[in-house]
Amino acid sequence: EAGYLEIKTTKVGEDTALGKIIKLVEEAEAHKAPVQKFADRFTTYFLPSAVSFAILTYLISGKAIYAIAVLVAACPCAVGLATPLSVIASVGSSARKGLLIKGGLYLEALAKVDCVVMDKTGTITFGKPYVTDILGDANEVLYLAASIEKRSEHPLASAIIKKAEDEGIELAEPEGFEYRVGRGVLGIIEGKAVILGNQRLFEERDIPIPDEIKKNADALEQEGKTVLFLGADSLVKGVIAVSDILRDEAP
């Protein structure tokens, strides 16, 4: 269709994200690590020494080939050239892969790192919860849990409802829905008093959680998952574990 497109540019050139990345890489390449400074100092003193030994060898032997052999054998190329080149190559290669390294100083420090702390949500995980485990009758647990969560806007509710939809489970309309902040939800599903939430909510309602179910729930929590207990008519029917899962490219 005919018309026009109006574009507003907020940042250009060096102010863009790409421009800042380029500037950071350039600064990293110019910033010398301690090992590079050592290489420079080593070269400063070593070259005159090597030349002096070569001249001394020539004066003693009278043969230029011996002096040349001393220079070739003593050439510090591996120290003087390989160090800065390896730093530049590493910084550049990392930048192409989305890793920004501020310089050789930090590359050198990486050798001493034994623990890495990373932002999780949205970086190495998808940033939204998924149902990972269901204990008990899977269809019944999902049916009751997703039905009671239809009135909830909590992210965990979305995960449970999506799981039920993926399994093709038809959901019922909850009655008398109640949301208890930080604990869970309550309601009536087809005449059954349904409760879905954490252990604290069940304790408040005087609904005992069997030891075997509690043990399995504790094991899931040890894996970093959020555990929700499901009860119907004052009986624990099962457990749903929800977690933010790793992205495929995270490893």
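This is a short presentation on the fold, the strand pairing and a few selected residues of one protein model.

Good morning. The model is predicted, so local features are reported only at pLDDT of at least 70 and side-chain atom pairs only at pLDDT 80 or more, whereas totals for chains, interfaces and linings use all residues. Residues are numbered from 1 along each chain as its sequence is written, and side-chain values use heavy atoms, with hydrogens and water left out.

Let me begin with the overall form. The protein has 10 helices and 6 strands; these are DSSP runs numbered from the N terminus, with at least four residues for a helix (H or I) and at least two for a strand (E). Its radius of gyration is 33 Å, where a compact globule of 251 residues would have one near 18 Å. That radius is taken over C-alpha atoms, and the globule rule is 2.2 Å times the number of residues to the power 0.38. Along the principal axes, the C-alpha trace spans about 110 × 65 × 30 Å.

Of the 251 residues, 28% count as buried. Here buried means under 20% relative accessible area, exposed means over 50%, and partly exposed lies in between, using a 1.4 Å probe and protein chains only. The accessible surface comes to about 16700 Å², and carbon and sulfur atoms account for 57% of it; the areas come from the Shrake-Rupley method with a 1.4 Å probe, and for residues only the protein chains shown count as cover. A contact means heavy atoms within 4.5 Å. Among contacts between residues at least 6 apart in sequence, 58% join residues at least 24 apart.

As for charge, the mean positions of the 28 positive and 36 negative charges are 10 Å apart. Lys and Arg count as positive and Asp and Glu as negative, while His and the chain ends are not counted. Each charge is placed at NZ of Lys, CZ of Arg, CG of Asp or CD of Glu.

I turn now to the strands. Two strands are said to pair if DSSP finds at least two bridges between them. Strand E3, residues 184-189, pairs with E4 in the antiparallel sense over 6 bridges. Gly184 stands opposite Gly197 in E4. The hairpin of E3 and E4 has 2 residues between the strands, and Glu190 there takes a positive phi near 50 degrees.

Strand E4, residues 192-197, is in turn joined to E5 by 4 bridges, and these two strands run antiparallel. Across this pairing, Leu196 stands opposite Leu230, and Val194 stands opposite Ala232. On its other pairing, E5 is joined by 7 bridges to E6, residues 235-243, again antiparallel. One of the matched pairs is Phe229 with Val239 in E6.

How much of strand E5 is buried? In E5, residues 226-232, 6 of the 7 residues are buried, so the strand is largely enclosed by the rest of the structure.

Gly197 deserves separate mention. This residue of strand E4 is buried, with a relative accessible area of 0%. Beyond residues up to four places away in sequence, Gly197 touches Arg183, Gly184, Phe202, Val227, Leu228 and Phe229. The C-alpha atoms of Gly197 and Asp137, 60 residues apart along the chain, are separated by 17 Å.

Next, the backbone angles. Most residues other than glycine have a negative phi. Asp233, however, has a positive phi of about 50 degrees although it is not a glycine. Asp233 lies in the loop between E5 and E6, a hairpin with 2 residues between its strands, and is partly exposed at a relative accessible area of 45%. Asp206 also has a positive phi, near 55 degrees. Its place is the loop between helix H9 (199-204) and helix H10 (211-222), where Asp206 is exposed, with a relative accessible area of 69%.

Finally, two helices. Which residues of H7 are buried? They are Val141, Leu142, Tyr143, Leu144, Ala145, Ala146, Ser147 and Ile148. Helix H7, residues 138-148, is thus mostly covered, with 8 of its 11 residues buried.

In helix H1, residues 17-30, I would point to Leu24. Leu24 is partly exposed, with a relative accessible area of 22%. Leaving aside residues up to four places away in sequence, Leu24 touches Leu100 and Lys102. The C-alpha atoms of Leu24 and Val91 are separated by 9.9 Å, although the two residues are 67 apart along the chain.

Thank you for your attention.
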